[in-house]
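Here is my note on the structure you sent over. The points are numbered so that you can reply to each in turn.

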Amino acid sequence: MQKRVVILGAGYGGLVAALELAKEVTEQDAEIILVNKYDYHQLVTQLYEPAAAAKRDTEVRIPLVKLLSGKPIRLVRDVVTRIDPKEKRVFLQGGELTYDYLVVALGSETEYFGIPGLKEYSLTLKSVDEARLIRTHIERCFAEYPYDPRPEYMTFVVGGAGLTGIELVGEIADWLPRLCEESNIPRDRVQLYNVEAMPSILPGFDEDLAAKAEAILKAKGVVFKVGSPIVRVEPEAVHLKNGEVIRTKTIIWTGGVRGNQIVVDAGFETEPRGRAKVNEYLQAVGYEDVYMAGDCCFVLNEQGRPYPPTAQLAIQMGSCVAKNLCADLKGGKKVPFAPKILGTVASLGGRDAVGKVGERYKTSGRIAYFIKDLSQIRYLAKIGGLMK
Ligand SMILES: Cc1cc2nc3c(=O)[nH]c(=O)nc-3n(C[C@H](O)[C@H](O)[C@H](O)COP(=O)(O)OP(=O)(O)OC[C@H]3O[C@@H](n4cnc5c(N)ncnc54)[C@H](O)[C@@H]3O)c2cc1C
């Protein structure tokens, strides 16, 4: 008998789960419904590029109709507001859905760590719309400065020196000379800060790679404030723990992620940062009919620490969930989730990058950038995003 599989979120985890499940089951086995807030899939790992005018918005979003064309997947464009796993119901802004099996792949939210003013006065980078907001805000600062030449307009702060913060600061550093030229503002009037609470940048990267990235970005004019937690943000000021105050109209916060609040509110068992606990098959604790994929859940590495939330993990989780759903629907053995760490490369702007391929091979410069590009092309090929 046909079962209904509802997949929440068409990001890396949810889209891959839907596409791979659709390959394995027939419409007699399952009705697959994919629910997403937007009618496009976002290439979140590249958002730093449109945020700094290095790419157009349309280059980092792919219409879902194109990706789902000819596939037995029904797209519901709507916003999930609540999940009731006991009643097997999902509430949307425009209605509700029941399910036999549910996949929750709603991604993450920003963690502000309770820092006063941070949520109210910062910009974030989690969607194409937010990337556009950052880009237009920076352009507006340059447009307003000639009329109100206070240094606040020409001071830009990126909070957080993880992958997102570093990739964004690198891309903005490359954009600044063009902005200065267009606006006829001397480059030495502009300050670009990267502020990080931890003692070094790019946590999780080898020390030598992080040091290389820091040197490259410093040469582009980025001023690092590491070991400098932000303690308060005001509309035109960022206060650091050491007492320093950076006067600015721009703080972009990339320093923290937490699970999706919808997952917490649904009553799934979560860790303190709101990410759902799952078993080896990626089923939510206590619910065999609910699978989780991507940033909204967590799995532990061999050292017993949670893997950082990444697209590569979300994609692999999506594949694993598809296999296990297939076993539920057609019989067969479920497979435990066994992540393969393919490496991580951080772009530094200007076709420069540093990172690791696999667990060992270190890379930097144009080769690293090429490897990052290649992994993007491989992903697009996987989801059918290369076809015109
Ligand atoms: C700028 C940046 C650079 C990054 N670089 C890298 C990198 O180089 N390598 C790497 O591996 N990782 C990188 N990451 C992390 C990576 O992007 C995430 O780990 C990944 O996007 C998680 O995938 P996901 O499927 O869990 O969530 P997402 O990709 O965020 O997808 C969630 C989906 O759910 C939808 N959604 C959310 N809430 C609702 C709702 N209420 N109703 C309906 N739909 C909803 C969203 O629209 C979205 O489509 C980067 C992240 C950022 C922000």
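1. In what sense do E11 and strand E12 pair, and over how many bridges? The two strands run parallel, and 5 bridges join them. E11 covers residues 155-159, and E12 covers residues 191-196. Keep in mind throughout that this is a predicted model.

2. Next, the route from E11 to E12. The chain leaves E11, passes through helix H6 (residues 163-183) and arrives at E12. This is a β-α-β crossover, and its hand is right-handed. One bridge pair to look up in the viewer is Phe 156 of E11 with Leu 192 of E12.

3. E11 has another partner. Strand E17, residues 250-253, also runs parallel to E11, with 4 bridges between them. Phe 156 appears again here, with Thr 250 as its bridge partner in E17. Gly 159 stands opposite Trp 253 of E17. So Phe 156 is a handy landmark, with a bridge partner in E12 and a bridge partner in E17, on a strand largely enclosed by the rest of the structure.

4. How many of the 5 residues of E11 are buried? The count is 5 of 5, so the strand is largely enclosed by the rest of the structure. Thr 155, Val 157 and Gly 159 point one way. Phe 156 and Val 158 point the other way. Residues on both sides are buried.

5. E17 is covered on both faces. Thr 250 and Ile 252 lie on one side, and Ile 251 and Trp 253 on the other. These four residues are all buried. Thr 250 is the residue that bridges to Phe 156, while Trp 253 sits opposite Gly 159.

6. Now the domains. The protein is divided into domain 1 (3-37 + 78-110 + 257-340) and domain 2 (118-253). Note that domain 1 is given as three separate segments of the chain. The centres of the two domains, taken over C-alpha atoms, are 34 Å apart.

7. The search of the whole structure turned up 1 cavity of 30 Å³ or more. Its space comes to about 70 Å³. The lining has 13 residues, and those closest to the centre are Gly 294, Cys 297, Pro 309, Leu 313 and Met 317. Helix H9 (311-330) and strand E21 (297-298) each supply at least two lining residues. H9 gives the largest share, with 3 residues. By class, the lining holds 9 nonpolar, 2 polar and 2 charged residues.

8. The second largest pocket has a volume of about 520 Å³. Which residues lie nearest its centre? They are Leu 43, Gln 46, Lys 55, Glu 59 and Leu 380, out of 23 that line the pocket. Strand E4 (61-63) and helix H10 (365-383) are the elements that give two or more residues to this lining. The largest share, 5 residues, is from H10. The lining divides into 8 nonpolar, 6 polar and 9 charged residues.

9. Two backbone angles deserve a check. Phe 113 is not a glycine, yet its phi is positive, at about 55 degrees. Phe 113 sits in the loop between strand E10 (108-110) and helix H4 (118-121). Its relative accessible area is 41%, so Phe 113 is partly exposed.

10. The other angle belongs to Leu 282. Its phi is near 70 degrees, again a positive value in a residue other than glycine. Leu 282 lies in the loop that runs between strand E19 (276-277) and strand E20 (290-292). Is this residue buried or exposed? Leu 282 is buried, with a relative accessible area of 0%.

11. Last, a pair of positions to locate in the viewer. Thr 26 is in the loop between helix H1 (12-24) and strand E2 (30-36). Thr 26 is partly exposed, at 40% relative accessible area. In sequence, Thr 26 and Gly 343 are 317 residues apart. In space, the C-alpha to C-alpha distance between them is 35 Å.

Note on methods:
Residues are numbered from 1 along each chain as its sequence is written. This is a predicted model: local features need pLDDT of at least 70, side-chain atom pairs count only at pLDDT 80 or more; totals for chains, interfaces and linings use all residues. Side-chain values use heavy atoms; hydrogens and water are left out. On a 1 Å grid over the protein atoms alone, a cavity is a set of points where a 1.4 Å probe fits but cannot get out, and a pocket is an open set with protein on both sides within 12 Å along at least five of seven lines; lining residues have an atom within 4 Å of a point. Grid points are joined across faces, edges and corners, and a volume is the space filled by probe spheres set on the points. Ala, Val, Leu, Ile, Met, Phe, Trp, Tyr, Cys and Pro count as nonpolar, Asp, Glu, Lys and Arg as charged, and the others, Gly among them, as polar. Buried means under 20% relative accessible area, exposed over 50%, partly exposed in between (1.4 Å probe, protein chains only). Two strands pair if DSSP finds at least two bridges between them. A crossover is right-handed if, with the strands pointing away from the viewer, the path from the first strand over the helix to the second runs clockwise. Domain bounds come from an automatic or database domain assignment.
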